[in-house]
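Please open the model in your viewer and keep the sequence panel visible. The tour below proceeds by selection, with a note on what is found at each stop.

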Amino acid sequence: MKNLNRRRFIGQSTLAGAAIAGSVLNWSNFDLARPPEKKLNVALVGLGNYAEMLAGGLQQSNYCRLAGIVTGHPEKADKWQKQYQIPAANSYNYQNFDEIAHNKEIDLIYVVVPNYLHKEYVLRAAKAGKHVITEKPMATSVEDCEEMIQACHQAGVTLSVGYRLHYEPTQLEIARLGQRKIFGQVRFIEAGLGYKTFDLPLKPEPIPDFNAPENWRLNRIKSGGGPMMDLGIYAVQSCRYVLGEEPVSVTAQFGPKFNKRRFAQVEETVYFQMEFPSGTVSNCQTSYAFNTDRFYASADEGFFELSPAISYGPFKGRSSKGEILFPVINQQAAQLDGIGQLILEKKQLPSHITGEEGIKDIRIIRAILEAGETGKKVSLG
Ligand code: NAD
């Protein structure tokens, strides 16, 4: 499958677009045929691995542009200013960041720092009167998510979470298959995302350095919960958007630690199960010890599955009726366009990309981690 540019993809995918309209995840208000007169000016906070991918997405976005940066490293500031033609006046560090409130050239702040810092920078962005996107997981606790939602609400700015897969056509298709019951009621789901981190580098895209002892992903407080917060969240998400339901209870088991020193503070592997109101059960895994990137749904009259399923893609899969294959898109550009267009047009963001969605995942993940620690089923009420 060729990596089609996005405008061409939209032009060729009206059928897919029409078919998924009305799904929990949808393309509504996402019409690239009409590029805006003014783009939304975005400042990235934290210039690590994922910020590089977002910068790539911003280059391809029709609705957003990279207008500012916030970094603690002056040499990185220089490099990014040159590479992306960012004026020095739009370059901040973590100390003078709050002055961004006076910068009319910045409309939206995109928080891409370690998980435990999401709350601080969302609160500061809201105080500065800027719209804000925070990366997943929204925060490390439910209480922090509540504070973030309230702060943005009071400041009158939008708060969304970086759920790039909500704009990816293969995910939209499995959400449609599940929610519209195209193969009848889904009874069982298997989903997992994990990366083997022992002998990196394994993949071409930027990846975290798990050999660095100070890696925040290995720190319980900074990560908020190891692979569950980092990768397991995608398995939780896929089950939720394919069923269109919220889990009522969870159970979990922590897997063995093959590298006890590296994973002294966080789990290396988590196996977890979620039970949904329809009676459907999902069996999921997430790990830093092995590679897995799969989704499988068994329904009354068939099945559908993806592998690769919930990573950066490209995704491919099949159902009992045939192949599932959609054009490859730039996931970051699609997400930025979806959010950017709504903000520019002063339209309300759908709840599946806002803080109200982010907090649901954190509530579920905290319950899964509690179930793993206690060995007991945890009810989500
Ligand atoms: P990273 O470690 O590569 O980058 C983090 C950045 O934050 C670095 O530039 C670092 O200098 C900066 N930083 C600021 N204050 C810091 C502090 N006190 N300690 C450590 N770093 C500090 O991490 P990343 O992979 O870019 O992840 C950043 C966020 O993006 C995380 O929340 C992660 O979950 C999320 N993420 C999302 C996706 C996605 O597909 N949506 C993919 C990867 C990461």
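**First stop: Gly375**

Select Gly375, which counts as exposed at 62% relative accessibility (exposed means over 50% relative accessible area, buried under 20%, and partly exposed in between, with a 1.4 Å probe and protein chains only). Before continuing, note that this is a predicted model in which local features need pLDDT of at least 70 and side-chain atom pairs count only at pLDDT 80 or more, whereas totals for chains, interfaces and linings use all residues. Residues are numbered from 1 along each chain as its sequence is written, and side-chain values use heavy atoms, with hydrogens and water left out.

Gly375 sits in the loop between helix 11 (355–374) and strand 15 (378–379); helices (H or I, at least four residues) and strands (E, at least two) are DSSP runs numbered from the N terminus. Add Ala252 to the selection: it is 123 residues from Gly375 along the chain, yet their C-alpha atoms are separated by 7.0 Å.

**Second stop: Phe263**

Move to Phe263, in the loop between strand 8 (249–254) and strand 9 (269–275). Is Phe263 buried or exposed? Phe263 is buried, with a relative accessible area of 0%. Display its contacts (heavy atoms within 4.5 Å): leaving aside residues up to four places away in sequence, Phe263 touches Thr197, Leu218, Lys257, Glu268 and Tyr288.

**Third stop: Ser287**

Next select Ser287 in strand 10 (residues 281–287). Ser287 is likewise buried, at 0% relative accessible area. Two polar contacts (pairs of N or O atoms within 3.5 Å; within protein, one able to donate a hydrogen and the other to accept it, and residues adjacent in sequence counting only if both atoms are side-chain atoms) can be drawn here. The Ser287 side chain reaches the backbone oxygen of Glu268 at 3.4 Å, and a polar atom of that side chain lies 2.7 Å from the backbone nitrogen of Ala289.

**Final stop: the ligand**

Select the ligand and the 23 residues that surround it (each with a heavy atom within 4 Å). The closest are Asn115, His118, Lys136, Arg164 and Trp216. Which distances should be displayed? An oxygen atom of the ligand is 2.7 Å from a side-chain N or O atom of Asn115, and a ligand oxygen lies 2.8 Å from a backbone N or O atom of Lys136. The protein buries 82% of the 830 Å² that the ligand exposes when taken alone (Shrake-Rupley method, 1.4 Å probe).
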